[in-house]
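Please look through the sequence and the 3D view below before reading on, and keep both at hand while you work through the points that follow.

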Amino acid sequence: METLDIWFDDPKKEFICEEVGDRIILKKDKNGKVIGIEVLYFSKNDILLEFLNISNEVNEEVY
C-alpha cells in the first residue's frame, strides 16, 4: 500500500491517530494537536485532489 505522510512537527511526538475521512488519518500529539497527516492508498495521480481534501479537513479541525 502506498501512503503519503506529511509532518508539521517531530514524528516522535505522535501519540494517537484519528481517521477523519476516507483514507485520511490525522496524527496527533498528547495534547490533541495535529502534527501530521497520512493519506492511505495514495497515488501520484491523485495528488491535487488529495491535497485539496486534506486542506479542508485540517481547516475544519483547527477552527
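**Briefing: strand β4 and its surroundings**

Tyr41 is exposed, with a relative accessible area of 54%, and its place is in the loop between β4 (34-40) and α1 (47-62). The model is a predicted one, and this briefing starts from that loop residue, turns to the strand that comes before the loop, and ends with one residue of that strand.

Backbone angles in the loops

- Most residues other than glycine have a negative phi.
- Tyr41, although it is not a glycine, has a positive phi of about 55°.
- Arg23, which is also not a glycine, has a positive phi near 75°, and this residue sits in the loop between β2 (16-21) and β3 (24-28).
- Arg23 is partly exposed, since its relative accessible area is 22% and the buried class requires a value under 20%.

Strand β4 and its partners

- Seven of the seven residues of β4 are buried, so this strand is largely enclosed by the rest of the structure.
- Strand β1 (residues 3-7) runs antiparallel to β4 and is joined to it by five bridges, and in this pairing Trp7 stands opposite Gly36 of β4.
- Strand β3 is likewise antiparallel to β4, with five bridges joining the two, and here Ile25 stands opposite Glu38 of β4.
- β3 and β4 form a hairpin with five residues between them, and Gly32, which lies in the turn, has a positive phi of about 85°.

The nonpolar core

- The largest nonpolar core has seven residues, namely Leu4, Ile24, Leu26, Val34, Ile37, Val39 and Phe42.
- Both β3 and β4 supply at least two residues each to this core, and the largest share, three residues, comes from β4.

A closer look at Glu38

- Is Glu38, which is placed in strand β4, buried or exposed? Glu38 counts as buried, because its relative accessibility is 15% and the cut-off for buried is under 20%.
- Leaving aside residues up to four places away in sequence, Glu38 touches Thr3, Leu4, Asp5, Arg23, Ile24, Ile25 and Lys27, and this list includes Arg23, the loop residue with the positive phi described above.
- With one of these residues, Lys27, the contact is also polar, as the side chain of Glu38 makes a polar contact with the side chain of Lys27 at 3.2 Å.
- Glu38 and Glu18 are 20 residues apart in sequence, while their C-alpha atoms are 10.0 Å apart in space.

Methods
Residues are numbered from 1 along each chain as its sequence is written. This is a predicted model: local features need pLDDT of at least 70, side-chain atom pairs count only at pLDDT 80 or more; totals for chains, interfaces and linings use all residues. Side-chain values use heavy atoms; hydrogens and water are left out. Helices (H or I, at least four residues) and strands (E, at least two) are DSSP runs, numbered from the N terminus. Buried means under 20% relative accessible area, exposed over 50%, partly exposed in between (1.4 Å probe, protein chains only). Two strands pair if DSSP finds at least two bridges between them. A nonpolar core is a set of buried Ala, Val, Leu, Ile, Met, Phe, Trp, Tyr and Cys residues joined through side-chain atoms within 4.5 Å. Contact means heavy atoms within 4.5 Å. A polar contact is a pair of N or O atoms within 3.5 Å; within protein, one must be able to donate a hydrogen and the other to accept it, and residues adjacent in sequence count only if both atoms are side-chain atoms.
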